[in-house]
Amino acid sequence: MPKQSTQGQSTAKNILKIVLLVLAVIIVIAGIFVAVYFGTNGFGGAYPTFAVQVNGKPVLKSGNIELPDGSEIGITSLNDYTIKVETARPEEDFALNIDGKATLYSDLAGTDVTNGFTFTDNDGIIAINYGDLDEVLSSALDAAVEILSANAQDKFNLIITSGNSSVILTFELSKGIYLYPEHIVI
């Protein structure tokens, strides 16, 4: 009976070990690459420092949103955060009087009107409340405001900032009713 070479078997085992080691290193590097890719929004930015939910739904990026009076905003942040509301340029401009002076709403674009809104923090959930457009602007500008157009289409930017990151949510004042699916009992 011919004798098998033990040297051939040990060489094959060594080659197999090297191949498995190289595959393991490639898998680890690929895992790090994928984690960094998703952690930096596709290499386009820093690691996300906060997350925003409006009425229980996650907000993934800046944009238009429905934000009825009484809406709940959840913010999870690694850093401190700030909330600010500014007027935004409307799709159709309209006139208003501020302390008797005629003004266009678009002239107010970028004006800080945070004081026209009420924010109530309840265990990390922030409720936003507001009145009609003239009430919001009167409170924010500390002036008498009269809306001169019957179909005024206001726009506001809710700006949430944490560290160097911001989410800008554009909304219109709405007294609509919002039903929370988890609170509906059938």
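Two residues are taken to be in contact when heavy atoms of the two lie within 4.5 Å. In the predicted model described here, contacts between residues at least 6 apart in sequence were considered, and 64% of these join residues at least 24 apart. The protein has 186 residues, of which 30% are buried. Its accessible surface amounts to about 12,500 Å², with 57% of that area belonging to carbon and sulfur atoms.

The secondary structure consists of two helices and 12 strands. Read from the N terminus, the order of elements is α-β-β-β-β-β-β-β-β-β-α-β-β-β.

The largest nonpolar core contains 31 residues, and F117, F156 and F171 are the members that touch the most others. At least two residues of this core come from each of β1 (50–54), β4 (71–77), β6 (95–98), β9 (125–129), α2 (133–141), β11 (156–162) and β12 (165–171). The element that gives the most is α2, with four residues. In soluble globular proteins, nonpolar side chains tend to be buried together. The surroundings of F171 were examined with neighbours within four places in sequence left aside. On that basis, F171 is in contact with I65, L67, V85, F117, Y130, D154, K155, F156, N157 and L158. Two of these partners, F117 and F156, are also among the core members that touch the most others.

Within α2, the buried residues are L133, V136, L137 and A140. Viewed down the helix axis, the buried residues of α2 fall within an arc of 90 degrees, and they therefore line one face of the helix. An α-helix has 3.6 residues a turn, so residues three or four places apart point the same way. The elements that cover the buried residues of α2 include β5, β6, β10 and β11. Just after the helix, D142 adopts a positive phi of about 50 degrees.

Three salt bridges were found in a search of the whole structure. One of them pairs E86 with K84, with 3.0 Å between the closest N and O atoms. The two partners differ in their cover: E86 is buried, at a relative accessible area of 16%, whereas K84 is partly exposed, at 32% relative accessibility.

Another salt bridge joins K155 to E91, where the closest N and O atoms are 3.6 Å apart. K155 is in the loop between β10 (145–147) and β11, and E91 is in the loop between β5 (81–87) and β6, so this pair ties together parts that are 64 residues apart in sequence. With a relative accessibility of 11%, K155 is buried because it falls under the 20% limit. E91, in contrast, is exposed, with a relative accessibility of 70%.

K155 also meets E172 in a salt bridge between side chains, at 3.3 Å from N to O. This second pair again links distant parts of the chain, since E172 belongs to the segment after β12 and K155 to the loop between β10 and β11, 17 residues apart. E172 is partly exposed, at 32% relative accessibility. Taken together, E91, K155 and E172 are linked in a network of salt bridges. K155 is in addition one of the residues in contact with F171.

A polar side chain was also examined in the loop between β7 (101–104) and β8 (118–122), which is the place of S106. S106 is buried, because its relative accessibility of 12% is under 20%. Its side chain is joined to that of D93 by a polar contact of 2.4 Å. Not counting residues up to four places away in sequence, S106 touches R89, P90 and D93.

The loop between β8 and β9 contains D123. In contrast to S106, which is buried, D123 is exposed, with a relative accessibility of 77%. D123 and G74 are 49 residues apart in sequence, and their C-alpha atoms are 9.5 Å apart in space.

Definitions and conventions
Residues numbered from 1 in each chain as written. Predicted model: local features only at pLDDT ≥ 70, side-chain atom pairs only at ≥ 80, totals over all residues. Heavy atoms only, no water. Core = buried A, V, L, I, M, F, W, Y, C linked by side-chain atoms within 4.5 Å. Buried < 20%, exposed > 50% of the residue type's maximum accessible area, 1.4 Å probe, protein only. Polar contact = N/O pair within 3.5 Å; in protein donor to acceptor, adjacent residues only side chain to side chain. Areas by Shrake-Rupley, 256 points an atom, 1.4 Å probe, with all protein chains shown as cover. Salt bridge = Lys/Arg side-chain N within 4 Å of Asp/Glu carboxyl O. Arc of directions from axis to C-beta.
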